[in-house]
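Trainee: I am new to this structure and would love a close look at one part of it. Could you take your time and walk me through the details?

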Amino acid sequence: MLVRVLHTIHTHKMLSSGERVLVGLSGGPDSVALLHLLKRFGQTMGLTLFAAHVHHGIRGTEADQDADFVVQLCQQWDVPLFIEKFNVPELAAEMGVTEEEAGRMVRYRFFDQVFEKIDGHKIALGHHRDDQAETILHNILRGTGMRGLKGMEFVRDGKYIRPLLEVSRRDIEKYCRDNGLSFRIDATNRDTGYTRNRIRYQLIPYIQKNFNPNIVDVLVRMGVLIRDEDEFLDHYCREQYERMTVFTGQNNEIGLDLKAFLSCHIAVRRRILRMALERLRGLEGIQANHIDGVINMLSGSATGSELQLPGGVVVYKDYGHVVLSCDKT
């Protein structure tokens, strides 16, 4: 496993000598193994390690014991630790999302805050091969495009890294046993009230038994193929986007050549619109139906037609141009 993780790190250029790395540490086998591995690598790479633990306010004394375990582990391994407690059920109710989604949001927000505080270079997460298969299957069930089918990225936003993404849960647990590593088991990981747990403990075993015993490998392999194709398509569409951009930055507007835009394949048009929106104000709140609504308007409506999108964005059809405008005041 050590060799595979090192291969992943080098292949995806995850770490450089002398970097300050924050490890998301839940206390489970995945994150404990990750921290242990990075400590071993850090001796030769000159890494400075930190850890961050989120108490979700869900499991009472068990969660308190997780936090105590993480504190003791980091003291023993001489790793600076940051801990924050959140009331995730309350936050989920306030935001109208599931506890899974609320928990994910507070974790990433906390990790980003600590990352800034320590002037970090990377945030290491303990997602592994089985997590990848579950993520892809989850995205299929919710409905997704290519980006959902390729699963989690090895490196995201230049700072989030997943060194364990090519090793299995079984291999990680064996690594912990072989190296005498203690860890905590989160009881909610067995709670099938959570969608991901139903996928892990019910759906995947059912598929393995009745359809394909190698479904995890199939899903992961599909993710790799789609990731390669997505990267090619993204590169091609970015070239087209730059070619057809007529003006940008004027009064918070981006203008695209309408004829060139409409001449593109529908898949390219969708991506180009997303690129323009991302550059203008980000993609928060933008869904597939918004993108298709813009394309339909540009294809079939008269000059002067416009469509309002979330975030104060207006897209309108000018003479020879697609204009995206956003009031950022």
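Trainee: Is threonine 8 buried or exposed?

Mentor: Happy to help, and please keep in mind that this is a predicted model. Threonine 8 has a relative accessible area of 1%, and because the cut-off for buried is under 20%, threonine 8 counts as buried. As for its place in the chain, threonine 8 belongs to helix 1, which covers residues 2–11. Setting aside residues up to four places away in sequence, its contacts are Met14, Phe154, Arg162, Pro163 and Glu166.

Leucine 25 can be read in the same spirit. This residue sits in the loop between strand 1 (20–24) and helix 2 (29–45), and with 1% relative accessibility leucine 25 is buried. Beyond its neighbours within four places in sequence, leucine 25 touches Ser31, Val32, Leu35, Ala51, Ala52, His53, Val70, Leu73 and Cys74.

Now let us turn to a pair of helices. Helix 12 (residues 266–280) packs with helix 13 (residues 288–300) at an angle of about 110 degrees, and their axes are 10 Å apart. Helix 12 is therefore roughly perpendicular to helix 13. The crossing of these two helices is right-handed. On the helix 12 side, the contact is made by Ile266, Arg269, Arg270, Leu273, Arg274 and Leu277; helix 13 brings Ala288, Ile291, Asp292, Val294, Ile295 and Ser299. Sorted by character, the residues of this contact are seven nonpolar, one polar and four charged.

Key. Residues are numbered from 1 along each chain as its sequence is written. This is a predicted model: local features need pLDDT of at least 70, side-chain atom pairs count only at pLDDT 80 or more; totals for chains, interfaces and linings use all residues. Side-chain values use heavy atoms; hydrogens and water are left out. Axes are lines fitted to C-alpha atoms, for helices over the stretch in contact, and angles run from 0 to 180 degrees between N-to-C directions. Helices (H or I, at least four residues) and strands (E, at least two) are DSSP runs, numbered from the N terminus. Angles under 35 degrees count as roughly parallel, over 145 as roughly antiparallel, 65 to 115 as roughly perpendicular and the rest as oblique. A crossing is left-handed if the near helix is turned anticlockwise from the far one by less than a right angle, and right-handed if clockwise. Contact means heavy atoms within 4.5 Å. Ala, Val, Leu, Ile, Met, Phe, Trp, Tyr, Cys and Pro count as nonpolar, Asp, Glu, Lys and Arg as charged, and the others, Gly among them, as polar. Buried means under 20% relative accessible area, exposed over 50%, partly exposed in between (1.4 Å probe, protein chains only).
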